[in-house]
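Colleague: I am new to this one. Could you walk me through it and tell me how each label is earned?

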Amino acid sequence: METPAPRADELLIRVAASGINRADLSQIAGRYPPPPGEPAILGLEIAGTVAATGEGVCALLAGGGHAEYVAAPRGQVFPAPARLDPIACGGIPEAFLTAFVNLAIEVKLPPGGTVLVHAGASGVGIAAIQVAKYLGARVAATTRTKEKLPALAAAGADLALLSPDEDMVRAIESSWGKNAVHAILDPVGAATLPGDLAVLATGGTILCLATMSGPRIELDLSLLMKKRARLVGSTLRSRSREEKAAIVRRFREEILPGFDAGRLSVVVDRVFRPADAAAAFQRMRENKNTGKVVIDWQA
């Protein structure tokens, strides 16, 4: 394809690395088309250099990232942390901004709050554990794979739980007491929501990020009412460019310094060449990754 021509509100970026996300798999399957007016090419996050200046940057995208060049909205571009290489930087935008928008904006998580992160060994999961700890919270995280438990602890999780083999509700209650969790990030859906509601604190929030185990459930509405709970559906890709720009501005101020301070990092699972992209998508489809799968466009 031709190199994209940036509009007045866009920057042409030469891509060094692009992160793979489950949204890519959904788009491949025909279930998650890009928002109107956005590129049909896959890819929601990149690191690279501004073509006109050579400045190292990261960018949050609604599409177009898995390519040599992308025209990125100016408001969704931010400086690449100097402490990290371009491969790691390619795994920042979608994962860490998803964690930030849900924990800091949707929930307004207070210091000392408690967070539960499902699918904690995913790119977003590891980012969410780190962001929650950075904001002063204690964190429980789950994974379905025993071998991934150490990654949860390494990211900062206070409780690393094997799900569904371990009774999540009992484990959290035995450590922190009943009704102890203020915010739950849940990309799993049907299989985990009943347990989420059981451990949720009064006035707490369950954030539904995806439906990996299915979209339909039976929910105890009386318990939802009793706990005055919020059940929030949350996506990042479908938000307007203006809203994303506002989120990125806050992210630059409140979270981005944590990378150069060494308090935040990107866990890169595996790096693939563009010619091997199919294997990269398949690795995520089979749930083999711990952290980010990244395509190296400099390879």
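**Labels and their reasons**

Modeller: Asn287 sits in the loop between helix 11 and strand 13 (292–296). Keep in mind that this is a predicted model.

Colleague: What makes the phi of Asn287 worth a remark?

Modeller: Its phi is near 60 degrees, a positive value, and Asn287 is not a glycine. Most residues other than glycine have a negative phi.

Colleague: Which residue in the loop between strand 6 and helix 4 has a positive phi?

Modeller: Ala119, with a phi of about 55 degrees. Ala119 lies between strand 6 (114–117) and helix 4. Ala119 is not a glycine either.

Colleague: Now the helices. Why are helix 3 and helix 4 called oblique to each other?

Modeller: Their axes cross at roughly 50 degrees. Roughly parallel needs an angle under 35 degrees, and roughly perpendicular runs from 65 to 115. The crossing angle fits neither range, so helix 3 and helix 4 are oblique.

Colleague: How close do the axes of helix 3 and helix 4 come, and what is the hand of the crossing?

Modeller: The axes of helix 3 (residues 93–106) and helix 4 (residues 123–134) come within 8 Å. The crossing is right-handed.

Colleague: How do you know which residues meet between helix 3 and helix 4?

Modeller: The test is heavy atoms within 4.5 Å. Helix 3 brings Ala95, Phe96, Thr98, Ala99, Phe100 and Leu103. Helix 4 answers with residues including Gly123, Val124, Ala127 and Val131. By class, this contact has ten nonpolar, three polar and no charged residues.

Colleague: What makes helix 3 and helix 9 roughly perpendicular?

Modeller: Helix 3 and helix 9 (residues 241–254) pack at about 90 degrees. Roughly perpendicular covers 65 to 115 degrees. The angle falls in that range, so the label holds. Their axes are 11 Å apart.

Colleague: Which residues of helix 3 and helix 9 make the contact?

Modeller: On helix 3, Phe96, Leu97, Phe100, Val101, Ala104 and Ile105. On helix 9, Ile247, Val248, Arg250, Phe251 and Glu254. That gives nine nonpolar, no polar and two charged residues. Arg and Glu count as charged, and helix 9 supplies Arg250 and Glu254.

Colleague: How much space lies in the largest pocket, and what lines it?

Modeller: About 1400 Å³ lies in the largest pocket. It is lined by 50 residues, and Arg22, Pro187, Ala210, Thr211 and Met212 are the closest to its centre. Helix 1 (22–28), helix 3, helix 4, strand 7 (138–143) and helix 11 (277–285) each give two or more residues to the lining. The classes are 20 nonpolar, 21 polar and nine charged.

Colleague: And how much space lies in the second largest pocket?

Modeller: About 390 Å³. It has 18 lining residues, with Glu2, Thr3, Pro4, Ile41 and Tyr69 nearest its centre. Strand 4 (residues 69–73) gives the largest share of that lining, three residues. By class, the lining has ten nonpolar, three polar and five charged residues.

Notes. Residues are numbered from 1 along each chain as its sequence is written. This is a predicted model: local features need pLDDT of at least 70, side-chain atom pairs count only at pLDDT 80 or more; totals for chains, interfaces and linings use all residues. Side-chain values use heavy atoms; hydrogens and water are left out. Axes are lines fitted to C-alpha atoms, for helices over the stretch in contact, and angles run from 0 to 180 degrees between N-to-C directions. Helices (H or I, at least four residues) and strands (E, at least two) are DSSP runs, numbered from the N terminus. Angles under 35 degrees count as roughly parallel, over 145 as roughly antiparallel, 65 to 115 as roughly perpendicular and the rest as oblique. A crossing is left-handed if the near helix is turned anticlockwise from the far one by less than a right angle, and right-handed if clockwise. On a 1 Å grid over the protein atoms alone, a cavity is a set of points where a 1.4 Å probe fits but cannot get out, and a pocket is an open set with protein on both sides within 12 Å along at least five of seven lines; lining residues have an atom within 4 Å of a point. Grid points are joined across faces, edges and corners, and a volume is the space filled by probe spheres set on the points.
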